[in-house]
Amino acid sequence: MSQENQEGDHEIQAIVDFKKGYVYYLNNFQNIVGSFLQFLSTGLTEANKREILSFRKTLDQELDKSQKKIKEIIFNLDEKHLFAQVRKDYSRYFSRHIEDSNRDEFIQFHLIFEMLRYFLIESKEGWEKLKAAVLDNQFSDLEFQNNGLLNYRILPALEKLNNLEILLKRMRFILQIDNPNCLTEFKPTKPKYRDKGTYRLSAVFEESLYDKPKELDPEDSGIEYKADEVIKNHQENEKDNWKAIKQKIKSEGDLNYIQAYGKYTWNSDQHYFFRYELDKYNAEKTLFKSAISLDSHLGADEQILRSELIRSMTSVEKKGKSADDFEMEYQSFLKQFFTFCENIILMNMMLPSQFKYVFLFHLGPSHFYMIAKKFLMEVNTGYIHARGSDGKKVIRVIPGEYVKKHVIDYWNEVILPNVGEEKNNLALLKKITEMIEEKYKEISKLAIKNYENLDPEIKSSKPRETIFREYMNEWMGAANLIVFKRFVKNKSF
């Protein structure tokens, strides 16, 4: 076997995550970042906090940047956005327009290459600096240094980035990009199109990739890719593209509602519509100006997660923070908390992870908000502590309309970009509904058993229906009841 073939085999093993698609890889990376954020929020001792103080700001910034950039890429990878970008950029690639799906795939392949390339360049240096900061720091707790920070979090992220670099190297070969330094510098790349080339993700897994002749002439050697201005702006301003994505979402006059509809009447009813009161939202937003602390502690371990209740909540007063600081912290908390809600719902319903986004799509933003609000109250978190209008009393509020608004953002930024055409698959919806109905029957039997085990005096004191209403949340789970009300037709509650 030639050295190039051996190298190719090694590379294919390294990029195996991509066999399930770009989004699968990005979600895995996002899980590393999310786990890291939760660890920093809930898993540090006071000694740990002191020992990372010198680079904590850099750590938070890098995690936040990675999280936002991944969401931005996932958003742009959505078929409707990517197809629109291909149409928009066609003239930058070809001097004459020809209806040809291979040309479209070429443009799409290069656009994805550029998105992932920027992510690699922007991320790898930052994660390398985090690794160096941890290695250079003097830690009294070597277990925290080696496993808590390096082996379980920073090194896995760097391994993911190294695998991405290998993928991009193979994509670069397919695109015939001459610049050997394109994976380390922002200079725009110029691909060459070949009429018989294959421009799909599957092409990077060809074992004989590097054996293909390099001297083939491109079909259109006059290709013009006019991205120089974009890269120049990126270098000069270093602005976060995520702001532009969020602005794009709200471009239709800052709408206070979402119509997350599918193609058919059965997935376009009231369950897919959600709104918030703009006046109340603006009033709640002003709370951050008088805030003195936030309840934003998750503190979840596996046992507590399963019981749907987190009891180790704390409210720590934050001094020297601006209204913007408090609001950003609260938004970050909501994103983590929504993920927390997703995990509990899927775990309780015993739904396979591949059904996650289509299930949440059909659950709908309204029911998701009800579950999030229920958890916030049960877990005793998500409260804003702010000074009252008299300046003396302290009020404690869960800003409901503010949470609703961010549920809508979450739907636009996370749920809808990931659900795809599965949302219009009625057979898939029926399968999910059947699984939920089975879980309902199982939990109902446990509720009946709990009723039968009650003290006879309690059972004789009130009608059976009244007792069930009083104990229903405890016996069946408040979040479960919300899911059952959405999906189960013949309910007994």
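Start by colouring the protein by pLDDT (the predictor's confidence in each residue, from 0 to 100). Among the elements, helix α7 (residues 142-175) has the highest mean pLDDT, 94, and helix α11 (residues 302-306) the lowest, 38. Helices here are DSSP runs of H or I with at least four residues, numbered from the N terminus. The protein as a whole averages 82, and 83% of the residues score at least 70.

This is a predicted model, in which local features need pLDDT of at least 70 and side-chain atom pairs count only at pLDDT 80 or more, while totals for chains, interfaces and linings use all residues. Residues are numbered from 1 along each chain as its sequence is written, and side-chain values use heavy atoms, without hydrogens and water.

Now select residues 299-318. Here pLDDT stays under 50, and the model has 50 contacts beyond four places in sequence for this stretch; a contact means heavy atoms within 4.5 Å. Residues 248-253 also stay under 50, with six such contacts. Where pLDDT is low, the predicted coordinates should not be read in detail.

Next, go to Q176, in the loop between α7 and α8 (228-237). Q176 is not a glycine, yet its phi is positive, about 55°. Most residues other than glycine have a negative phi. Is Q176 buried or exposed? Its relative accessibility is 15%, so Q176 counts as buried. Buried means under 20% relative accessible area, exposed over 50%, and partly exposed in between (1.4 Å probe, protein chains only).

Jump to M350, in the loop between α12 (323-349) and α13 (356-379). M350 has a positive phi too, near 55°, but M350 is exposed, with a relative accessible area of 58%.

Then show helix α17 (residues 464-476) and centre on E470, where the helix bends by about 50°. That bend is the angle between axes fitted to the seven residues ending there and the seven starting there. Add the side chains of the buried residues of α17: I467, F468, M472, W475 and M476. They pack against α15 (426-452), α16 (456-461) and α18 (478-487). Just after α17 comes G477, with a positive phi near 90°.

For the last stop, select α4 (residues 56-77) and α6 (residues 101-136), whose axes come within 10 Å and cross at roughly 170°. These axes are lines fitted to C-alpha atoms over the stretch in contact, with angles from 0 to 180 degrees between N-to-C directions. The two helices are therefore roughly antiparallel, a word used for angles over 145 degrees. Residues making the contact include L59, L63 and I70 of α4 and L116, F119 and W127 of α6.

Note on methods:
Angles under 35 degrees count as roughly parallel, over 145 as roughly antiparallel, 65 to 115 as roughly perpendicular and the rest as oblique.
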